[in-house]
Amino acid sequence: MHTRGRSALAVAITAVTILAAACSSSNTTSPPATNVAKPVDVKTDDGKVSFTVSPGVEQITVTKAKPKAELTLVTSEGKRLITLVADDKGQAQFAYVPDEYLKFETGKGLPLPTNRGSTLKKGTYTIVNESTDPKETTPPFAVLGRDDHPDKSLYEGQTLKGVPWQVLGKPAEGHSIEEGVNYIKMRDGTTLSAMVRFPDKTLYGDGPYPTVVEYSGYDPSNPESPQPGTMIATAFGFATVGVNMRGTGCSGGVFDVFSPAQQADGYDVVEAVARQPWVLHNKVGMVGLSFSGITQLYVASTKPPSLAAIAPMSVIEDAWKMAWPGGIFNAGFTRQWLEERDRQAQANGQSWAAKRAAGGDKQCADNQALRGQAPDFEVFTRALPYRPADGDNRDLSKLVPSIEVPVFLTGGWQDEQTGPRFATMLDQFTGTKNKHFVLYNGHHPDGYTPYNLSKWYEFLSIYVAQKVPRLPDIIRVGAGAEFAKAFHVEGLTLQPDRFADLKADQVDEARKTWEADPPVKVLFEWGTGMKEVPGAPLPGFTAGFTQWPPPDVSPWTLYLGGKGSLSTTKPGDTGVDLFQYDKDAGPIGYAQAGAYDFQAPTIKVDWTNAPNGKGLSYLTEPLAQDTVIAGPGYADLWFRTDQDDADIEIVLSEVTADGKEFRIQNGLLRAGNRKVDEKRSNQFLIQETFSIDDYQKMPHGELTEVKVPIFPVAEPLRKGSRLRVQINTPGRDLPLWYFETNSFGNDDTVYGVGRGGDKASSVVLPILPAGAVQVPTEHPPCPSLRGQVCRPYTPLENRSE
């Protein structure tokens, strides 16, 4: 998920999130008045420790029990919730609670044998050792909530050291990497591995330094291999702190993506780092793309007092919807990412951590002990076809309103890993007035292109360093060679210094200039800004907006008509168009094997058409004027099947006057999930609930209204081009998302789509007023648009009743 060709967190992450959200004890009794989780030792009559209970944030860890000891979690009201059988090391981890009591053997990497339940909640509990005679019972102890903050002494008592780093990417002469290795203590006693690097002293002096944190489950604390965000920030004059989430790398605890515990850990990390004497202003920022971009949003929602600003790139919105887009399991990127997380969550599952543990890092070795308690996330996520209510605790669209610090966020409409749903929550950043979003067609790593990094550096300089942005000339000159290596394009440079005329003490003026920029900047036709290199990461043109979606968009309603027509006029004639379920489509992505370098200007693709009879196609007449789509939309279909359900995909594309077809965006829905969440939907954005209670089988043989959401996008359609809308089985139209589609009984099932009369199917898209954006006359060549594949246009003849 990041720029080194490693898989992105993207969707998978999302899936895991769900996982964590899948299970809620009815125990609502408040814990004792404390905000520090303290271990509880249970002793035998002769004073020996029988087992130790370490409560944390919505989780409990048991250690030192006898192997196979049966440990029962009990509420303060005496209700038995679950019995866990300790692993071979006498350990057990309570994090999920089933709706009905059950016994489960831990340590085998398996999920709970049920997906009916909830996460463990804040409250007062006891644990009973059922394997002793008499049974041993702990005194009542408190499980903390995410926002139960510890005393400040936890942070003030920790000292972190750092290693001076050279711009060339290694420790300064006379220094060892080991100088930067640290462990940060969390409120439940768990220690997280951290790597601290100071910027080159020959360029930036002796400090204190503006400081940023990169926090994820990959390897941000790997001393030998800094993450891209860390490398760039260190080179640009920031001290960096790379921190591994609990249960990853050399960190202790059990892995569980986006759990309240990991959110609280981020709070603790920020507060501990900010108190170090080498941190300028005793405030820190956060950086990172994908996994380490997403974590910024979760951490910022906890409101750490010492957090200055965040700069997330290539993020998600709702974790469950990333694993089950439209209610259809993502068997491509998500599945692969989850399997990788499962492997790396095991003891010594990451090679660099295994090397450190074997090489004498005792803390790293000790922190591997609990890894066997990690469940199989891939299996668990597959078992969640409906969105659990607890998913709200990890749904960023419901958490970002709590963010109060300045935000700089970038993202691509066609992100092949984390997808485009992030743009549906941009209007939810209501807690901060200082937010800037940069949006573009493009790929997952594109946040780290020099065009975007220029703004990134300005933002961090003003709000974290509290300085006028000013990079040393040697960095500006040297960066070009690094960008050429990363994006395979010569001549990429950082944007000119627009603050060159300001003096060093004119920070307020720099801030005013930054804040005068439009909150939303759209980079249209990203990939066309360098004509000699189609696909180079530069925009063809740009536009600024006050919000996203823009406030002045209006609905463009296009009705499906006979003979594949698409028009603003509702057809007078009625009819039903037919297509067959395409069982082969789901596993097909258009990125060819081995062509996954999404940093390159272009990639090899094989964007296949749906076979005749297995899809529908509708085409407008050539447009009379330039038309710019800006935001999410939906297809309002009257859909028919003779099965209980159906998996539906909508694909938007532009057909140019010279016969080329450019993919624009798509939308997905399992029709049984068609219940619309009216409170969260609006004129253009359709949000389904995806809850099991709202699931509705399709009436057999009846045209039934199904609104299929279309992901957000910004796309100029030129005069003379035509908009194409296709309806088919999910698959073929994305590079790395594959789908486990279902015919629900018969692979020869034929679907019907109504048109005209009171069953007039249509597509509704938001468009800007004519002339609001000046679109260049010349259309980009094929290929050139980053993230947007193209091919010669091939008609698809619709079959009708």
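**Close-up views of a predicted model**

**View 1. Strands S29 and S30 pair side by side.** Strand S29 (residues 647-655) and strand S30 (residues 660-670) run antiparallel and are joined by 9 bridges. Helices (H or I, at least four residues) and strands (E, at least two) are DSSP runs, numbered from the N terminus, and two strands pair if DSSP finds at least two bridges between them. Opposite leucine 652 stands glutamine 665 in S30. The model is predicted: local features need pLDDT of at least 70 and side-chain atom pairs count only at pLDDT 80 or more, while totals for chains, interfaces and linings use all residues. Residues are numbered from 1 along each chain as its sequence is written, and side-chain values use heavy atoms, with hydrogens and water left out.

**View 2. An open sheet has the strand order S27-S32-S29-S30-S35.** The sheet consists of 5 strands with antiparallel pairing. Strand S27 (615-619) and S35 are the edge strands, each pairing on one side only. On average, neighbouring strands of this sheet are turned by 30° against each other, direction ignored. Axes are lines fitted to C-alpha atoms, for helices over the stretch in contact, and angles run from 0 to 180 degrees between N-to-C directions.

**View 3. Another open sheet has the strand order S1-S2-S3-S6.** Its 4 strands pair in the antiparallel sense. At the edges are strand S1 (40-43) and strand S6 (92-94), each of which pairs on one side only. Here the average turn between neighbouring strands is 20°, direction ignored. Within the sheet, strand S2 (residues 49-55) and strand S3 (residues 60-63) pair over 4 bridges. Serine 54 has threonine 61 in S3 as its bridge partner.

**View 4. Helices H13 and H15 cross at roughly 135°.** The axes of helix H13 (residues 450-465) and helix H15 (residues 507-516) come within 10 Å. The two helices are therefore oblique to each other (angles under 35 degrees count as roughly parallel, over 145 as roughly antiparallel, 65 to 115 as roughly perpendicular and the rest as oblique). Lys455, Glu458, Phe459, Ile462 and Tyr463 of H13 make the contact with Ala510, Arg511, Trp514 and Glu515 of H15, where contact means heavy atoms within 4.5 Å.

**View 5. Helix H4 is largely enclosed by the rest of the structure.** Of the 8 residues of helix H4 (residues 228-235), 7 are buried. Buried means under 20% relative accessible area, exposed over 50%, partly exposed in between (1.4 Å probe, protein chains only). The buried residues are Pro228, Gly229, Thr230, Ile232, Ala233, Thr234 and Ala235. After H4 comes glycine 237, with a positive phi near 105°.

**View 6. Two cis peptide bonds precede prolines 208 and 783.** Most residues other than glycine have a negative phi, and most peptide bonds are trans. One cis bond joins glycine 207 and proline 208, with omega about 5°. Proline 208 is in the loop between helix H3 (201-204) and strand S16 (209-216). Another joins cysteine 782 and proline 783, with omega about 0°. Proline 783 is in the loop between strand S34 (762-767) and strand S35 (790-792).

**View 7. Asparagine 282 and phenylalanine 744 have positive phi values.** Phi is about 50° for asparagine 282, which is in strand S18 (residues 279-289). This asparagine counts as partly exposed, at 41% relative accessibility. Phi is near 60° for phenylalanine 744, found in the loop between strand S32 (722-728) and strand S33 (750-755). Phenylalanine 744 counts as partly exposed at 22% relative accessibility.
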